[in-house]
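Trainee: Pick one part of this model and take me through it closely. Then show me what lies around it and how the rest of the interior is put together.

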Amino acid sequence: MAGVSDKIFRQICKEYGADVLTTEFVSAEGIFRRNERTREYLDFDEIERPIGVQLFGGDAGHMGEAARQVIDWVRPDFIDLNFGCPVNKVVCKNGGSALLRDCPTLASVAGGVVRACDPLPVTAKIRIGWDASSINAVRVAQVLADTGITALTVHGRTRAQGYSGAADWNVIGEVARAVAIPVIGNGDLISPTVIAQRHSEAGIGGAMIGRAAMTAPWIFQQTKRFFESGELIDSPPLPEKWRLIVRHCHLMTVEWNAEEPAIRAMRARLMAYSKSMPDAKRLRERFSHVSTLGEIEEIAADNMTENADLELHANAATV
(Lines give C-alpha, C1' and ligand atoms only; values in the text may rest on other atoms or scores of the structure.)
Protein backbone atom coordinates (compact mmCIF):
# COMPACT_ATOMS: atom_id res chain seq x y z
CA MET A 1 0.00 0.00 0.00
CA ALA A 2 2.98 2.29 -0.54
CA GLY A 3 1.71 5.65 -1.77
CA VAL A 4 -1.82 4.75 -0.62
CA SER A 5 -2.04 4.19 3.14
CA ASP A 6 -0.98 7.69 4.12
CA LYS A 7 -2.33 9.41 7.24
CA ILE A 8 -5.41 10.84 5.54
CA PHE A 9 -6.50 7.59 3.94
CA ARG A 10 -5.86 5.64 7.15
CA GLN A 11 -8.09 8.01 9.08
CA ILE A 12 -10.85 7.64 6.50
CA CYS A 13 -10.64 3.86 6.88
CA LYS A 14 -10.70 4.25 10.65
CA GLU A 15 -13.89 6.33 10.42
CA TYR A 16 -15.47 3.50 8.44
CA GLY A 17 -14.55 0.91 11.04
CA ALA A 18 -11.01 -0.36 10.42
CA ASP A 19 -9.75 -1.81 13.71
CA VAL A 20 -5.97 -1.79 13.22
CA LEU A 21 -3.85 0.37 10.91
CA THR A 22 -0.29 0.24 9.63
CA THR A 23 1.75 2.98 8.03
CA GLU A 24 3.10 2.83 4.51
CA PHE A 25 6.16 0.63 4.54
CA VAL A 26 9.34 2.47 5.46
CA SER A 27 12.95 1.67 4.61
CA ALA A 28 14.90 0.66 7.68
CA GLU A 29 18.03 1.93 5.96
CA GLY A 30 16.44 5.35 5.54
CA ILE A 31 15.58 5.47 9.24
CA PHE A 32 18.99 4.11 10.24
CA ARG A 33 20.63 6.88 8.23
CA ARG A 34 18.16 9.43 9.68
CA ASN A 35 16.81 10.42 6.28
CA GLU A 36 14.29 13.22 6.89
CA ARG A 37 12.05 12.23 3.96
CA THR A 38 11.83 8.70 5.34
CA ARG A 39 10.88 10.03 8.74
CA GLU A 40 7.88 11.82 7.23
CA TYR A 41 6.31 8.43 6.47
CA LEU A 42 6.15 7.72 10.21
CA ASP A 43 3.72 10.55 10.93
CA PHE A 44 0.38 9.57 12.44
CA ASP A 45 -2.25 11.07 14.77
CA GLU A 46 -3.41 9.65 18.08
CA ILE A 47 -6.87 8.88 16.68
CA GLU A 48 -5.27 6.23 14.45
CA ARG A 49 -4.30 3.95 17.32
CA PRO A 50 -3.76 1.06 17.46
CA ILE A 51 -1.25 1.60 14.66
CA GLY A 52 1.95 -0.15 13.63
CA VAL A 53 4.93 1.19 11.74
CA GLN A 54 5.81 -1.11 8.85
CA LEU A 55 9.52 -1.60 8.11
CA PHE A 56 11.42 -3.38 5.39
CA GLY A 57 15.07 -4.28 5.01
CA GLY A 58 17.49 -7.19 5.03
CA ASP A 59 20.18 -6.20 7.55
CA ALA A 60 19.33 -7.52 11.01
CA GLY A 61 21.42 -4.94 12.87
CA HIS A 62 20.09 -1.99 10.92
CA MET A 63 16.52 -3.26 11.18
CA GLY A 64 16.80 -3.57 14.96
CA GLU A 65 18.31 -0.11 15.33
CA ALA A 66 15.71 1.39 12.99
CA ALA A 67 12.93 -0.18 15.04
CA ARG A 68 14.39 1.31 18.24
CA GLN A 69 14.57 4.73 16.63
CA VAL A 70 10.96 4.47 15.46
CA ILE A 71 9.83 3.60 18.96
CA ASP A 72 11.73 6.56 20.39
CA TRP A 73 10.37 8.95 17.76
CA VAL A 74 6.67 8.11 17.45
CA ARG A 75 5.76 5.39 19.99
CA PRO A 76 3.70 3.10 17.74
CA ASP A 77 1.60 0.28 19.18
CA PHE A 78 3.61 -2.34 17.30
CA ILE A 79 6.27 -2.80 14.63
CA ASP A 80 5.29 -4.67 11.46
CA LEU A 81 7.92 -6.33 9.24
CA ASN A 82 7.22 -6.46 5.52
CA PHE A 83 8.47 -9.74 4.06
CA GLY A 84 5.88 -9.68 1.29
CA CYS A 85 6.50 -6.74 -1.04
CA PRO A 86 7.17 -8.06 -4.58
CA VAL A 87 8.49 -4.80 -6.09
CA ASN A 88 11.89 -5.15 -7.76
CA LYS A 89 13.49 -2.08 -6.18
CA VAL A 90 12.71 -3.54 -2.73
CA VAL A 91 13.57 -7.15 -3.54
CA CYS A 92 16.93 -6.25 -5.13
CA LYS A 93 17.99 -4.75 -1.78
CA ASN A 94 17.16 -8.04 -0.05
CA GLY A 95 13.95 -6.58 1.35
CA GLY A 96 10.31 -7.58 1.14
CA SER A 97 9.67 -11.02 -0.32
CA ALA A 98 13.37 -11.58 -1.11
CA LEU A 99 13.81 -13.05 2.37
CA LEU A 100 11.25 -15.79 1.66
CA ARG A 101 14.14 -17.55 -0.13
CA ASP A 102 16.50 -17.17 2.80
CA CYS A 103 15.00 -18.43 6.06
CA PRO A 104 18.21 -18.03 8.11
CA THR A 105 18.43 -14.33 7.24
CA LEU A 106 14.68 -13.94 7.71
CA ALA A 107 14.98 -15.45 11.19
CA SER A 108 17.97 -13.23 11.97
CA VAL A 109 16.13 -10.07 10.91
CA ALA A 110 12.88 -10.95 12.70
CA GLY A 111 14.63 -12.11 15.86
CA GLY A 112 16.82 -9.02 15.94
CA VAL A 113 13.83 -6.70 15.68
CA VAL A 114 11.86 -8.64 18.30
CA ARG A 115 14.74 -8.31 20.76
CA ALA A 116 15.25 -4.64 19.94
CA CYS A 117 11.55 -3.84 20.45
CA ASP A 118 10.84 -5.90 23.55
CA PRO A 119 8.25 -5.54 25.10
CA LEU A 120 6.55 -3.85 22.11
CA PRO A 121 4.88 -6.47 19.87
CA VAL A 122 6.35 -7.23 16.44
CA THR A 123 4.21 -8.61 13.62
CA ALA A 124 5.08 -9.62 10.07
CA LYS A 125 3.57 -9.99 6.62
CA ILE A 126 4.61 -12.63 4.08
CA ARG A 127 3.53 -14.12 0.77
CA ILE A 128 2.96 -17.83 0.32
CA GLY A 129 6.32 -18.23 -1.43
CA TRP A 130 8.70 -16.91 -4.05
CA ASP A 131 7.05 -18.73 -6.96
CA ALA A 132 4.81 -21.71 -7.68
CA SER A 133 7.70 -24.15 -7.25
CA SER A 134 8.74 -22.80 -3.86
CA ILE A 135 5.59 -22.29 -1.80
CA ASN A 136 6.98 -22.35 1.73
CA ALA A 137 4.60 -20.21 3.77
CA VAL A 138 4.09 -22.86 6.47
CA ARG A 139 7.84 -23.20 7.05
CA VAL A 140 8.36 -19.42 6.99
CA ALA A 141 5.49 -18.93 9.44
CA GLN A 142 6.98 -21.48 11.84
CA VAL A 143 10.37 -19.78 11.64
CA LEU A 144 8.82 -16.38 12.37
CA ALA A 145 6.71 -17.71 15.23
CA ASP A 146 9.85 -19.20 16.79
CA THR A 147 11.56 -15.79 16.70
CA GLY A 148 8.79 -14.19 18.78
CA ILE A 149 6.63 -12.63 16.07
CA THR A 150 3.23 -12.16 17.72
CA ALA A 151 0.94 -12.20 14.66
CA LEU A 152 1.38 -12.96 10.98
CA THR A 153 -0.39 -11.69 7.88
CA VAL A 154 -0.28 -13.99 4.86
CA HIS A 155 -0.99 -12.71 1.36
CA GLY A 156 -2.16 -15.62 -0.74
CA ARG A 157 0.02 -15.03 -3.81
CA THR A 158 3.64 -15.75 -4.61
CA ARG A 159 6.16 -13.04 -5.30
CA ALA A 160 6.20 -14.11 -8.96
CA GLN A 161 2.45 -13.52 -9.23
CA GLY A 162 2.64 -9.94 -8.04
CA TYR A 163 -1.04 -9.03 -7.89
CA SER A 164 -2.19 -11.21 -10.77
CA GLY A 165 -4.09 -14.47 -10.61
CA ALA A 166 -6.08 -15.66 -7.62
CA ALA A 167 -4.95 -15.71 -4.01
CA ASP A 168 -4.48 -19.25 -2.68
CA TRP A 169 -6.53 -19.44 0.48
CA ASN A 170 -5.80 -23.14 0.94
CA VAL A 171 -2.21 -22.24 1.78
CA ILE A 172 -3.36 -19.47 4.12
CA GLY A 173 -5.50 -22.05 5.91
CA GLU A 174 -2.51 -24.39 6.19
CA VAL A 175 -0.50 -21.63 7.82
CA ALA A 176 -3.31 -20.84 10.26
CA ARG A 177 -3.38 -24.48 11.35
CA ALA A 178 0.40 -24.77 11.60
CA VAL A 179 1.21 -21.99 14.08
CA ALA A 180 -0.17 -20.91 17.44
CA ILE A 181 0.05 -17.16 16.74
CA PRO A 182 -2.87 -15.33 15.09
CA VAL A 183 -2.82 -15.55 11.29
CA ILE A 184 -4.42 -12.72 9.33
CA GLY A 185 -5.50 -13.49 5.77
CA ASN A 186 -5.04 -11.15 2.83
CA GLY A 187 -5.84 -11.34 -0.86
CA ASP A 188 -9.01 -10.92 -2.94
CA LEU A 189 -11.12 -9.85 0.04
CA ILE A 190 -13.64 -7.91 -1.99
CA SER A 191 -16.87 -8.09 0.03
CA PRO A 192 -18.25 -8.93 3.49
CA THR A 193 -19.55 -12.29 2.30
CA VAL A 194 -16.20 -13.28 0.83
CA ILE A 195 -14.42 -12.19 4.01
CA ALA A 196 -16.83 -14.22 6.17
CA GLN A 197 -16.36 -17.27 3.94
CA ARG A 198 -12.56 -17.03 4.09
CA HIS A 199 -12.68 -16.51 7.84
CA SER A 200 -14.71 -19.65 8.30
CA GLU A 201 -12.92 -21.90 5.81
CA ALA A 202 -9.33 -20.87 6.50
CA GLY A 203 -9.67 -20.38 10.25
CA ILE A 204 -7.95 -17.02 10.17
CA GLY A 205 -7.83 -14.72 13.17
CA GLY A 206 -8.47 -11.60 11.14
CA ALA A 207 -8.61 -10.08 7.68
CA MET A 208 -6.34 -7.48 6.14
CA ILE A 209 -8.16 -5.45 3.50
CA GLY A 210 -6.00 -3.56 1.02
CA ARG A 211 -6.98 -2.81 -2.55
CA ALA A 212 -10.72 -3.19 -1.89
CA ALA A 213 -10.50 -0.35 0.63
CA MET A 214 -9.01 1.92 -2.03
CA THR A 215 -12.23 1.56 -4.02
CA ALA A 216 -14.67 1.33 -1.13
CA PRO A 217 -13.33 2.24 2.34
CA TRP A 218 -16.82 1.59 3.74
CA ILE A 219 -16.08 -2.14 3.30
CA PHE A 220 -14.88 -2.17 6.93
CA GLN A 221 -18.24 -0.91 8.17
CA GLN A 222 -20.13 -3.34 5.96
CA THR A 223 -18.00 -6.29 7.07
CA LYS A 224 -18.34 -5.58 10.78
CA ARG A 225 -22.11 -5.27 10.45
CA PHE A 226 -22.25 -8.58 8.56
CA PHE A 227 -20.26 -10.36 11.27
CA GLU A 228 -22.38 -8.81 14.01
CA SER A 229 -25.85 -9.43 12.56
CA GLY A 230 -25.61 -11.13 9.18
CA GLU A 231 -26.99 -7.96 7.62
CA LEU A 232 -25.60 -6.81 4.28
CA ILE A 233 -25.83 -3.03 4.30
CA ASP A 234 -25.74 -1.07 1.08
CA SER A 235 -22.82 1.04 -0.05
CA PRO A 236 -23.28 4.75 0.66
CA PRO A 237 -25.53 6.66 -1.75
CA LEU A 238 -23.85 8.59 -4.53
CA PRO A 239 -23.91 12.02 -2.79
CA GLU A 240 -22.16 10.55 0.27
CA LYS A 241 -19.48 8.97 -1.93
CA TRP A 242 -18.85 12.31 -3.56
CA ARG A 243 -18.70 14.08 -0.21
CA LEU A 244 -16.02 11.61 0.83
CA ILE A 245 -14.03 12.07 -2.38
CA VAL A 246 -14.15 15.88 -2.22
CA ARG A 247 -13.23 15.80 1.45
CA HIS A 248 -10.31 13.45 0.76
CA CYS A 249 -9.03 15.85 -1.90
CA HIS A 250 -9.47 18.85 0.39
CA LEU A 251 -7.57 17.17 3.22
CA MET A 252 -4.75 16.37 0.82
CA THR A 253 -4.44 19.99 -0.26
CA VAL A 254 -4.28 21.06 3.39
CA GLU A 255 -1.68 18.41 4.18
CA TRP A 256 0.47 19.33 1.18
CA ASN A 257 -0.20 23.07 1.50
CA ALA A 258 -0.25 23.17 -2.31
CA GLU A 259 -3.42 22.50 -4.27
CA GLU A 260 -2.21 21.53 -7.72
CA PRO A 261 0.46 18.95 -6.77
CA ALA A 262 -1.87 17.48 -4.14
CA ILE A 263 -4.71 16.98 -6.62
CA ARG A 264 -2.34 15.59 -9.23
CA ALA A 265 -1.11 13.12 -6.63
CA MET A 266 -4.74 12.15 -5.99
CA ARG A 267 -5.36 11.08 -9.59
CA ALA A 268 -4.53 7.42 -8.98
CA ARG A 269 -6.66 7.45 -5.85
CA LEU A 270 -9.56 8.96 -7.78
CA MET A 271 -9.23 6.19 -10.37
CA ALA A 272 -9.69 3.65 -7.59
CA TYR A 273 -12.74 5.46 -6.21
CA SER A 274 -14.27 5.55 -9.70
CA LYS A 275 -14.69 1.76 -9.67
CA SER A 276 -17.52 2.14 -7.17
CA MET A 277 -19.21 4.93 -9.15
CA PRO A 278 -21.66 5.04 -12.06
CA ASP A 279 -20.22 6.05 -15.44
CA ALA A 280 -16.78 4.93 -14.24
CA LYS A 281 -15.08 5.02 -17.64
CA ARG A 282 -15.96 8.65 -18.23
CA LEU A 283 -14.99 9.56 -14.69
CA ARG A 284 -11.55 8.03 -15.19
CA GLU A 285 -11.07 10.07 -18.34
CA ARG A 286 -11.87 13.27 -16.47
CA PHE A 287 -9.89 12.32 -13.37
CA SER A 288 -6.77 11.78 -15.45
CA HIS A 289 -6.56 15.54 -16.09
CA VAL A 290 -7.67 17.12 -12.81
CA SER A 291 -5.41 19.53 -10.95
CA THR A 292 -7.74 21.66 -8.78
CA LEU A 293 -10.42 21.17 -6.16
CA GLY A 294 -12.80 23.16 -8.31
CA GLU A 295 -12.49 20.59 -11.09
CA ILE A 296 -13.26 17.79 -8.65
CA GLU A 297 -16.34 19.60 -7.41
CA GLU A 298 -17.48 20.23 -10.99
CA ILE A 299 -17.10 16.54 -11.89
CA ALA A 300 -19.02 15.59 -8.76
CA ALA A 301 -21.88 17.95 -9.60
CA ASP A 302 -22.05 16.72 -13.21
CA ASN A 303 -22.01 13.06 -12.20
CA MET A 304 -24.74 13.47 -9.60
CA THR A 305 -26.93 15.50 -11.96
CA GLU A 306 -26.53 13.04 -14.82
CA ASN A 307 -27.35 10.06 -12.64
CA ALA A 308 -30.31 11.80 -11.04
CA ASP A 309 -31.67 12.46 -14.54
CA LEU A 310 -31.11 8.83 -15.55
CA GLU A 311 -32.89 7.61 -12.44
CA LEU A 312 -35.79 10.01 -13.09
CA HIS A 313 -36.15 8.78 -16.67
CA ALA A 314 -35.97 5.14 -15.58
CA ASN A 315 -38.72 5.68 -13.02
CA ALA A 316 -40.85 7.50 -15.60
CA ALA A 317 -40.44 4.64 -18.05
CA THR A 318 -41.78 2.12 -15.55
CA VAL A 319 -44.92 4.08 -14.64
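Mentor: A residue is buried when its relative accessible area is under 20%. Keep that cut-off in mind. The model is a predicted one.

Start with P236. P236 sits in the loop between α11 (219-229) and α12. Its relative accessibility is 11%, so P236 counts as buried. What does P236 touch, leaving out residues up to four places away in sequence? The contacts are Y16, W218 and K241. A216 is 20 residues from P236 along the chain, and their C-alpha atoms are 9.4 Å apart.

Now follow α12. This helix, residues 238-256, is among the elements that give two or more residues to the lining of the second largest pocket; the others are α1 (7-15) and α3 (36-40). The second largest pocket has a volume of about 560 Å³. Its lining has 15 residues, and those nearest the centre are D6, E24, Y41, E255 and W256. By type, the lining of this pocket has nine charged residues, five nonpolar and one polar.

Next, the nonpolar interior. The largest nonpolar core holds 63 residues. Which of them touch the most other members? They are L55, I79, L81, F83 and L144. Helix α6 (residues 103-117) contributes the most to this core, with seven residues. Take L144 as one example. Leaving out residues up to four places away in sequence, L144 touches F83, L106, A110, A124, I126, I149 and L152. There is also a second, separate core of 25 residues, with L238, M252, L283 and L293 among its members.

L55 leads us to strand β3. This strand spans residues 51-56, and six of its six residues are buried. In a regular strand, side chains alternate between the two faces of the sheet. Here both faces of β3 are covered. I51, V53 and L55 are buried on one side; G52, Q54 and F56 are buried on the other.

Now the partners of β3. Strand β1 (residues 21-22) runs parallel to β3, with two bridges between them. T22 has G52 as its bridge partner in β3. Strand β2 (residues 26-27) is also parallel to β3, again through two bridges. S27 has F56 as its bridge partner there. Strand β4 (residues 78-83) is joined to β3 by four bridges, and this pair is parallel too. L55 pairs with L81 in β4. Both L55 and L81 were on the list of core residues that touch the most other members.

Last, go back to L283, a member of the second core. L283 also lines the largest cavity, together with D279, R282, R286, I299, D302, N303 and E306. Two elements give two or more residues to this lining: α15 (280-287) and α16 (293-318). α16 gives the most, with four residues. How many cavities of 30 Å³ or more are there? The count is one. The largest cavity holds about 50 Å³ of space. Its lining divides into five charged residues, two nonpolar and one polar.

To retrace the route: P236 is buried in a loop. α12 follows that loop and helps to line the second largest pocket. β3 is mostly covered, and L55 takes part in the largest nonpolar core.

Conventions
Residues numbered from 1 in each chain as written. Predicted model: local features only at pLDDT ≥ 70, side-chain atom pairs only at ≥ 80, totals over all residues. Heavy atoms only, no water. 1 Å grid on protein atoms, 1.4 Å probe; cavity = no way out; pocket = protein on both sides within 12 Å on 5 of 7 lines; lining within 4 Å. Points joined across faces, edges and corners; volume = space filled by probe spheres on them. Nonpolar A, V, L, I, M, F, W, Y, C, P; charged D, E, K, R; others polar. Core = buried A, V, L, I, M, F, W, Y, C linked by side-chain atoms within 4.5 Å. Buried < 20%, exposed > 50% of the residue type's maximum accessible area, 1.4 Å probe, protein only. Contact = heavy atoms within 4.5 Å. Pairing = 2+ DSSP bridges.
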